[in-house]
Structure formats: structure tokens, C-alpha cells
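Here is a set of short exercises to work through with the structure open beside you. Try each task on your own before you read its solution.

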Amino acid sequence: MQELDTIGQGSVRVTRKSDKLVILEKDLATEQMVLAMGPQHPSTHGVLKLECLTDGEVITEAIPVLGYLHRCFEKCCENIDYPAVVPYTDRLDYLAGMNSEFAYALAVEKLLDIEIPRRAEFIRVIVAELNRIASHLVAIGTYGIDLGAFTPFLFCFRDREIILGLLEWASGARMLYNYIWIGGLACDVPADFLKRVREFVTYFRPKAVELQELLTGNEIFVKRTHGIGIMPADVAINYGWSGPMLRGSGVKWDLRRNDPYSVYPEIDFKVVVPDGKHSVIGDCLSRHLVRAAEMEESLKIIEQCIDKIPSSEGFNSRSAIPKRIRPKAGEVYSRAENPRGELGFYIESDGKSTKPIRCKARSSCFVNLSAMKDLSKGQLIPDLVAIIGSIDIVLGEVDR
Amino acid sequence: MEEGKVVSQSVQDSAAAYSIIHERFGAAVSALDANETMPFFEVVDTDRWVEIALFMRDHAKLKFNYMACLTGVDYPAEEKVGIICNFESLAQLNHKLAIKLKCARKGGSIPSVACVWHTANWHEREAYDLFGMTFTGHPEMKRILCPDDWEGHPLLKDYKVQEKYHGIKVPY
């Protein structure tokens, strides 16, 4: 190979003849090409634009361009009362509205220092975990589509529809719920809700296994994800990764366990990390496996919640909601484990106003996506699609 | 810290971490505000921020390897803008600490810590975009959420939105 290095600056075209490389052409002029992927590209999961510098099929740099969906969430918050922010949080990560509301409610409750009824806590966890499953189903289904597997997508959306139906029954909306309020819930769940949720759990358990086999038993899917986009654990932490992304890199970290909130300390569930037998730790397949296994853990959590939940007798979902939400002066940074990672809210109150002085949403997708530049270097263009899909971004949360 | 008040374990951990930083940097950092919701201190001498950041990340008893969040804040009364960083020693020592930095409202700058924590890279760009302070030493100091040719910094309290953007009426 040494003589190849000495023949000039440009690329060469070689062929192999009986163990020897024969040069067919040399000093071929190659130039870097700029390939704009998005903002209207189906594989970028929304309005993300990637400016790729490519050398042939290889990506030398992929720069994410954001902001197409920027709606000044934080500026809006400064102009409305605390409870009025809740519907806006739905629109951050619109695939996991319940979880976003939950995170926001927790932050303000910490500032107010109030306790909420125990039944409300359990209902919150149940709806949040249902929403987590729905969100992971979208992540897994669309990831399949990105890599050419269409059937799992249909299966995912069939089952997600049941969850959306349940959540609609409880809250009145399919995706943008406004259900978890500061200090409680908008209303108690309907009479037969928990029974139906249990039925769903029994129904979904074998379906999750089937879905898992459909993808990890698919050789094309595995070949496209195995060993692609590897992120070592320490770099992942330095990038601020969280959620399934961080666990995919083998860090056993889950805010539900490591910084517990609500009733999670009472509940037994496993923090899923890849075992390294089926995937290279930190690659796209690991992240997919973590999401798939997390759905089963969510089912377990839901089952335990239904067992432990206090009865609805004498329960008023709004009993702990203050008449006028005006926290004392102070600031808080509070976070919750969302399907995509740590969703944090920094809220500052001056003690006089009923509006937050500053309300910042720390978006998990925003932080996870920031590693794109490093992840994509030296990858092939089709692998870039596999990497973006595995990050599982929701642009509503990235751009806020 | 007020006497006779019950202080939670996490605040005690934060106070212990703070005392190590205070011991090393003395007057460059302010006293710790040990409140229950978010214990924090301020870096008074912002020129030493990168030095403090590296110390925090690498010291064996601090190990703040995870920057959870970086928030820009406007202090119109003091004529200042600032940032608030939330740190955590993830999967190692598990303590948390928040740090505040301030700079002049017009043309102020803060040293960038994007070389210490990758998380800071995009967050600092966001803070610049929305508040207008620059971060010296940042690899790519440009807007991230707003378009590159947007006027003003939207999260400043006295921000007035531009009338037209490329001929399109902006305020509705």
C-alpha cells in the first residue's frame, strides 16, 4: 500500500489482480460535496436540517441546523400564569405530553412545597408510563421505517392507538392532554379506566415480544444498526446524554431510580442497560434494545400502580391545587425521566407575581442531538439515517 | 445556613462540594446559598471560570462530569445578564451544585466552557441567541434557534420584536 501513498494528491482507482493492486487511474479530482438533508426529509423526523459535507459516500461532517419549529416557549411562559404553562409543555415533546406535564408540575410543586393526594400520584405515574410506551412505539416504528422495515410501524401504531384511546378517555385529548395540573389532576380517571388499562397490559405484553422479534430477528435491521454510531459512556455523559441514549451506552442511570420523584421509590422495576451480547454497547442497536426492553418495564410499573392505588372514595383530584399559584421567591431546577431522557425545568419566581420570571425547559432531545457532529464523522450516508433514527428526536422539544 | 433548620442530605452534599471549591479559589467565588430547592454560588471572578470548571470536573472529590442544564437569565435591575449552570456527578458521587455567572448587559462576555463539557456548546449558543452575551473561546459563536439575521435577543425583558423580517410582518 505504500506506493499508493506516494503517487499523488488526488484519489486513485485500483483493481486487484492476483494479490496485487493495479492502478487504473490516478490523480482523480475529488471534491467535497455539500448535501443538505432536510428540513423536509422524512428520515430527519420533523423539521431538522443536516448540512452534510461528504467525500463520496462518506460523511466528513454533519452540522445540524435547528430552529425551524422555534415558538419562543420560554418567552410565552414569562407572560402567562403558572397553570397556563401546562398546555404549552404538551407541545414540547408532543409524543409524550403527559411526561412533559408531569415534569413541569413537579418543578412548580417543589417551588410551592406542596403535597398532592396519593391517588393522584399513582394516576400520574400510570398515565406517564402509558405515554412512555406510546412514545417508544413511535420511536421503534419510525426507526423501522427509516431502515426499510414497514410492518413493525403498522403494528406499533395499532397498539399506540389503544393507548391514545385510553388517554383520550381520561383527559379528553389524544395527544395534547392538559391533564396533569400543578397540585393534582384535571379530573379523576373514569370508573372503568384502571380495568381497561390492566386489559391493555395483558394484551400488549405478547405484542411487545412479537414486535421485538420482528425487528431483532430481521437481519437487515440488525446489519444496519449493529456497531453503527458507537458512543462511549464517558463521552455520552460529557455530552449530557440522558434517558435511553445514555443507558444504551451502558450507564445505569434512570432519574426514576437515581433521583426518584412521585411514587417511583415504592415501585420495583429494572433500569435497562444492554448486556453486550446482541449489540456493541453504545451503538444504534443498543439504544433500540433499551427502548424495546423499557416498554416491558413500563408495563410492570403500571401493573404495580394499579395494585397499590388507593380507591377513588372521597378523592378530589383538585383538592391540593392552590387557589392562586404564587410561589415564594426562589428558584428551582427539577427534572423527570421522559421517554427521551431528562426533561428539566428551571423556574425562577420573584414571590410577587403569578407568572414565572424565568422558565427554561432543558430539552433532552436538544442535548442528545448536539452529539450529532461527533457521531456522524466518517459514517456512510445511509448510516447517518440509522443514527438520527436512534437518537429519536422530537423537533418540538429541540426547538421549543 | 440558618441555625436549627433541618438541612436535607443533598444540600449537605452540595455544601461539602462547595467548601472544596471555596478552599481552592477563595474570593473568586461567592458564599453558598444553601436553599433547599437549588443550592448555588456565584463565580465573582468570571475570568477564572474555565479554571474552576476544570477543577470541578477533574477533582477526585468533586467529579462534576455532567452538566445538566445551562440557563440564560436577564437581570434588568442590575443592568446584567447571566447564566446558571446545574451540575451533577453522574453515576459517581451523585452530588449536585448550581453555579451563577453574570456579565454586563450590553456587550458583556463570559468565558466558554464548551471545551470542558460538550453540553455547554449548544447551550451557550442558545444563551447568546436569546440574551446576547458572548462566550469567549467558544468554537462556533452564532445563533442556534433564531435565524442568523434576526434582530435583538428575544428573552431580554425589554425586547421589542422587529416590525418586518425579510418583508414579512412579524408581530401578530
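**Exercise 1. Take stock of chain B in this predicted model: how many helices and strands does its secondary structure hold?**

Solution. Start with the count: chain B has 3 helices and 8 strands. Next, follow the elements from the N terminus, which gives α-β-α-β-β-β-β-α-β-β-β. For the dimensions, the C-alpha trace of chain B spans about 60 × 35 × 30 Å along its principal axes. Then turn to burial: of the 172 residues in chain B, 42% are buried. Finally, look at contacts between residues at least 6 apart in the sequence of chain B; 48% of these join residues at least 24 apart.

**Exercise 2. Find the strand pairings of E4 in chain B. Which pairs are parallel and which antiparallel?**

Solution. Begin with strand E1 (residues 40–42) of chain B, which pairs with strand E4 (residues 96–104) of chain B in the parallel sense over 3 bridges. To place this pairing on the model, pick B:Phe40, whose bridge partner in E4(B) is B:Ala98. Now move to E3(B): its pairing with E4(B) is antiparallel and runs over 9 bridges. A handy marker here is B:Val81, which stands opposite B:Cys103 in E4(B).

**Exercise 3. Decide whether B:Phe25 is buried, partly exposed or exposed.**

Solution. First locate the residue: B:Phe25 belongs to helix H1 (residues 9–25) of chain B. Next, count its surroundings, which come to 16 other C-beta atoms within 10 Å. A residue is called buried at 20 or more such atoms and exposed at 12 or fewer. The count for B:Phe25 lies in between, so B:Phe25 is partly exposed. Leaving out residues up to four places away in sequence, B:Phe25 touches B:Arg48 and B:Ile52. As a last step, check a residue 130 places away along the chain: the C-alpha atoms of B:Phe25 and B:Leu155 are separated by 32 Å.

**Exercise 4. Describe the side of chain B that touches chain A. Which element gives the largest share?**

Solution. Start with the totals: 26 residues of chain B are in contact with 29 residues of chain A. On the chain B side, the elements that give two or more residues are strand E2 (66–75), strand E3 (80–88) and helix H3 (119–131). The largest share, 6 residues, comes from E2(B). Sorted by class, this side of chain B has 18 nonpolar and 8 polar residues, with no charged ones.

**Exercise 5. Work out how the two domains of chain A meet. How many residues of each are in contact?**

Solution. The domain assignment gives domain 1 (2–65) and domain 2 (73–399) of chain A. Taken over C-alpha atoms, the centres of these domains are 38 Å apart. At their contact, 15 residues of domain 1 meet 18 residues of domain 2. Strand E5 (residues 58–65) of chain A gives the most to the domain 1 side, with 7 residues. By class, that side holds 7 nonpolar, 6 polar and 2 charged residues.

**Exercise 6. Lay out the sheet formed by E8, E9 and E10 of chain A. Which strands stand at the edges?**

Solution. The 3 strands form an open sheet in the order E8-E9-E10, with antiparallel pairing. Strand E8 (330–338) and strand E10 (358–362) of chain A each have a single partner strand, so they stand at the edges, with one side of each left without a neighbour in the sheet. From one strand to the next, the twist averages 10°. Then zoom in on E8(A) and strand E9 (residues 341–349) of chain A, which are joined by 9 bridges. One position to check is A:Ser334, whose bridge partner in E9(A) is A:Phe345. Helix H4 (residues 97–112) of chain A lies across E8 and E9, at about 150° to E8(A).

**Exercise 7. Classify the crossing of helices H5 and H15 in chain A: are they roughly parallel or roughly antiparallel?**

Solution. The axes of H5 (residues 118–146) and H15 (residues 381–391) of chain A come within 9 Å and cross at roughly 175°. Angles over 145 degrees count as roughly antiparallel. H5(A) and H15(A) are therefore roughly antiparallel to each other. The contact involves A:Thr142, A:Tyr143 and A:Asp146 of H5(A), and A:Val385, A:Ala386, A:Gly389 and A:Ser390 of H15(A). These residues divide into 3 nonpolar, 3 polar and 1 charged.

Methods: Residues numbered from 1 in each chain as written. Chains lettered and ligands numbered in written order. Predicted model: local features only at pLDDT ≥ 70, side-chain atom pairs only at ≥ 80, totals over all residues. Axes fitted to C-alpha atoms, helices over the stretch in contact; angles between N-to-C directions. Helix = DSSP H or I, 4+ residues; strand = E, 2+ residues; numbered from the N terminus. Parallel < 35°, antiparallel > 145°, perpendicular 65-115°, else oblique. Contact = placed C-beta atoms within 7 Å. Nonpolar A, V, L, I, M, F, W, Y, C, P; charged D, E, K, R; others polar. Domains from an automatic or database assignment. Pairing = 2+ DSSP bridges.
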